[in-house]
Amino acid sequence: MKPPARNRRDAILVLLSFAMLLVSLDQYIVVVALPEIARDLGYSAQTLQLVVSAYAIASSGFLLFGGRASDLLGRRRVLVVGLFLYFAASLAGGLATNPAQQLVARALQGLGGALVFPSTLAIINVRFAEGAERNRALGIWAGAGAAGLVIGVLLGGALTSFFGWRAVFLVNVPLAGAALVATPWLIETDGRIDRSRAFDLPGAVTVTAAISLLVVALVEGPNFGWLSPWTMGLILAGVASGVAFIVIERRSVDPLLPLGMLRNPSLRLSLLAATLFMASFGALLYFLSLLFQDVFGYGALETGFAFLLPTAVVVTASAMAGRVVTALGLRWTMIGALAIGMGGALAIGFAINHEASYLALVPGLIAVSIGDGAMFTAMFIAAGMGTPDRQQGVASGIVATGSGVGAAVGLAVLVLIANAGTVGLAGEELRVATAQGIARSAYAIAGGIGLTLLIVIGSRTDKPDAEAADSHIISNGDRDHAA
C-alpha cells in the first residue's frame with residue numbers, strides 16, 4: 001500500500017536525500033580505514049590511494065553519461081540500477097581478499113554513484129516547482145549530500161574502531177538495500193522509452209574517456225611523475241578525447257550535451273561553483289583527517305568524533321540555505337556563504353601547528369562548515385534554474401561532473417602543496433612539517449574559495465531567453481527539443 005498522496009512527495013524527498021547521503025558518504029568513509037586496509041590486504045604505500053581514487057575516477061567519468069541516461073531511459077530506472085550497483089559493489093568490497101577485488105568494487109561503487117547522483121537531482125527538479133518549493137527540497141537533499149561528506153569520515157572512524165575496515169563497505173549493504181526496495185514503492189514507473197531519441201554513444205564514449213583519463217592523470221601524477229611519459233600520455237589522450245567529444249556534439253543530430261544549454265548563466269555559474277567548491281571546501285576534509293591522525297595522534301574513533309561539530313553545522317546550514325536563497329536571492333546567498341567559508345579556512349590555517357589543540361580549530365571549523373553547507377545547496381539550486389524538465393538529467397550530470405573533476409584537481413594540487421618539504425623526514429620532524437604543510441593547504445583552500453567569490457560577484461544568474469535557447473538548440477538539429 002502506497003502512502004497517501006499528500007505525504008508521498010515528502011516521502012520521495014526523504015528517499016532521494018537518503019540516496020544522495022549514501023553517494024556522498026562513500027567518498028570519504030574509507031579514509032580513516034586506509035591504514036588497516038593496507039595492512040590486511042597488502043597494499044603498498046604507492047597503491048593505497050587507489051582505494052579512494054578508483055571511486056573518484058569511475059564516478060567523475062560517468063556522471064554525464066548517468067545524467068543523459070536518466071533523461072532518456074527514465075529517472076527511476078537509472079536510480080534503481082545505480083542503487084543495485086551500490087548494493088552489490090559494497091558487498092564485494094567488504095568481502096574482498098586482495099587489492100584487485102577491492103578496487104573493482106570501488107570502481108563499481110563510483111559507477112553506481114554516477115547514476116544515483118544526477119537521477120536524484122533530476123527527479124527533485126522535475127517534481128518540485130522552481131522557486132521556494134524547489135529551494136526547500138534542494139536544501140534538504142543538498143544537506144544530506146554535504147553532511148554525507150563529513151559523516152563518512154565520522155562513521156568510517158567509528159566502524160573501523162569497533163568492527164574493522166570491512167564494516168565501512170558492508171554498512172552500505174542494508175542502506176542501499178533499503179533504498180532499493182523503497183524506490184519502486186514510492187516513485188511512479190517511468191513512461192515508455194522514447195525510441196526516437198539517440199543515446200549519442202560516440203559522445204558518451206569520448207566524454208567518459210576524456211574525463212576518466214584526465215582524472216587518472218591528476219590522481220596518479222604524483223606517483224608517475226608529472227613529466228613522465230605515463231602522465232603526459234594520459235593528459236594528451238584525455239585532451240584528444242575531449243576535442244573529439246566537442247566535434248561529435250557539434251555534428252550530432254541528438255547530442256549528449258546540447259551546447260546551447262551552456263547559454264544558461266545559472267547553469268554556467270553552477271558548473272564553475274561546483275568545480276571550485278570540491279577543489280576547495282571538499283578537499284579540506286582530507287587534510288583535517290590527516291591533521292587529526294598524523295599531527296594530533298588521534299585514533300580512528302577519535303578522528304570520527306572530531307567531525308561531529310562540522311557535521312552538525314553543515315547539516316543545519318544546508319537545510320537553511322534553501323530558505324535563504326528564497327529570501328535573499330541566489331547570488332547574495334553564495335556571496336555570504338563564500339565569504340564566511342573563506343574566513344573559516346584562513347582561521348584554520350592560522351590555528352594549525354604541531355602544538356595546536358582541537359579547541360583552537362573550533363571557530364574556523366564552524367565558519368567553514370557554514371559556508372560549506374550553504375554553498376552546496378546554492379550551487380545545485382543554480383543547476384536547475386531555467387532548465388527544462390527534459391534536460392534536468394543532463395544539467396545535473398554537467399554540474400556533478402564539474403564537482404568530480406574539481407575534487408581530483410584540487411586534491412592533486414593541494415597534496416603537492418602539503419607534502420613540500422616533508423620528503424626524507426621522520427618522527428617529530430615529520431610531524432612538524434606535516435602540520436606546516438596542512439596549514440599551507442588551508443591557506444590555498446581559502447584562496448580557491450576567494451576565487452569562487454570573485455566569480456560569483458562578477459556573475460549574473462538571470463535565466464536565458466527561453467525562445468532564443470530553444471531556437472539555438474533546434475538549429476543544431478536536436479530532435480528532442482524540436483519536438
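# A tour of helix 5 and its surroundings

Begin by selecting Phe117 and Phe380: both are buried (buried means under 20% relative accessible area, exposed over 50%, and partly exposed in between, with a 1.4 Å probe and protein chains only). The model is predicted, so local features need pLDDT of at least 70 and side-chain atom pairs count only at pLDDT 80 or more, while totals for chains, interfaces and linings use all residues. Residues are numbered from 1 along each chain as its sequence is written, and side-chain values use heavy atoms, with hydrogens and water left out.

**Stop 1: the ring pair**

Keep Phe117 and Phe380 selected and show their side chains. The ring centres are 5.5 Å apart and the planes are at 55 degrees, so this pair is tilted. Rings of Phe, Tyr and Trp (its six-membered ring) pair if their centres lie within 6.5 Å; planes under 30 degrees apart count as stacked, over 60 as edge-to-face and the rest as tilted. Phe117 belongs to helix 5 and Phe380 to helix 15 (residues 358–384), so the pair joins distant parts of the chain, 263 residues apart. Helices here are DSSP runs (H or I, at least four residues), numbered from the N terminus.

Now add Trp141, Phe277, Phe281 and Phe376; ring pairs link these with Phe117 and Phe380 into a cluster. The structure holds 17 aromatic pairs.

**Stop 2: along helix 5**

Select Leu121, also in helix 5. Leu121 is buried, with a relative accessible area of 0%. Its C-alpha atom is 8.3 Å from that of Phe380, although 259 residues separate the two along the chain.

Move to Gly113, another residue of helix 5. Is Gly113 buried or exposed? Gly113 counts as buried, at 1% relative accessibility. Measure from Gly113 to Ala420, C-alpha to C-alpha: they are 33 Å apart in space and 307 residues apart in sequence.

**Stop 3: helix 3 against helix 5**

Select residues 50–73 (helix 3) and residues 99–127 (helix 5). The two helices pack at an angle of about 35 degrees, with their axes 6 Å apart. Axes are lines fitted to C-alpha atoms, for helices over the stretch in contact, and angles run from 0 to 180 degrees between N-to-C directions. The residues of this contact divide into 15 nonpolar, 9 polar and 1 charged. Ala, Val, Leu, Ile, Met, Phe, Trp, Tyr, Cys and Pro count as nonpolar, Asp, Glu, Lys and Arg as charged, and the others, Gly among them, as polar.

**Stop 4: helix 4**

Select residues 75–95, which form helix 4. Its 21 residues reach 30 Å from the first C-alpha to the last, close to the 30 Å expected at 1.5 Å a residue. Buried residues in helix 4 include Arg75, Arg76, Leu79, Tyr86 and Gly94.

**Stop 5: helices 11 and 13**

In helix 11 (residues 265–295), select Leu288. Leu288 is buried, at a relative accessible area of 5%. The C-alpha atoms of Leu288 and Leu301 are separated by 14 Å, and the residues are 13 apart along the chain.

Finish with Pro310 in helix 13 (residues 308–328). Pro310 counts as buried, at 5% relative accessibility. From Pro310 to Ala400, 90 residues along the chain, the C-alpha separation is 23 Å.

Key:
Expected span 1.5 Å × (residues − 1).
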